[in-house]
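Here are a few exercises to work through with the model open beside you. Try each task before you read its solution.

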Amino acid sequence: MLIAGDLVRVLQDSYLYPVTLEPWHVKKLREPEYAVVVNTIGTEETTVYLEETKWVVNNKCIQLVSDKDVHKSSEINRK
């Protein structure tokens with residue numbers, strides 16, 4: 001279950017719908033992106049904050065980022 005503030009990865013080829021603009025302003029991601037969960041909408045959709053805009057995305061298109069996926073920059077430079 002996602003909660004507000006979770007860091008998620010939005011998958012490539014996902015469709016995002018803006019919260020504040022007209023629904024036909026759809027965005028399709030060409031590459032995976034990281035976003036922050038704002039809130040969940042039922043069981044199928046979530047509002048995320050990405051590129052200074054709130055977007056609605058299907059839950060099938062997002063993955064929760066865990067502490068195993070996050071690395072300090074100093075650890076990356078050592079590899």
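Exposed means over 50% relative accessible area, buried under 20%, and partly exposed in between (1.4 Å probe, protein chains only). This is a predicted model, where local features need pLDDT of at least 70, side-chain atom pairs count only at pLDDT 80 or more, and totals for chains, interfaces and linings use all residues. Residues are numbered from 1 along each chain as its sequence is written, and side-chain values use heavy atoms, with hydrogens and water left out.

**Exercise 1.** Find where glutamate 52 lies, and decide whether glutamate 52 is buried or exposed.

*Solution.* Start with the loop between strand E5 (45-50) and strand E6 (53-58): glutamate 52 is found there. Strands (E, at least two residues) are DSSP runs, numbered from the N terminus. Next, check the backbone: glutamate 52 is not a glycine, yet its phi is positive, near 60°. Finally, its relative accessibility is 69%, so glutamate 52 counts as exposed.

**Exercise 2.** Do likewise for aspartate 13, starting from its loop.

*Solution.* First, the loop in question joins strand E1 (7-10) and strand E2 (15-18). Then look at phi: aspartate 13 has a positive value of about 70°, although it is not a glycine. Lastly, aspartate 13 has a relative accessible area of 46%, so it is partly exposed.

**Exercise 3.** Trace the order of the strands in the sheet, then name the edge strands.

*Solution.* Follow the open sheet of 7 strands, with antiparallel pairing, in the order E3-E2-E6-E5-E4-E1-E7. The edges are strand E3 (27-28) and strand E7 (62-64), each pairing on one side only. Two strands pair if DSSP finds at least two bridges between them; E2 and E3 have 2 bridges, in the antiparallel sense. Across this pairing, tyrosine 15 stands opposite lysine 28 in E3.

Conventions
Helix = DSSP H or I, 4+ residues; strand = E, 2+ residues; numbered from the N terminus.
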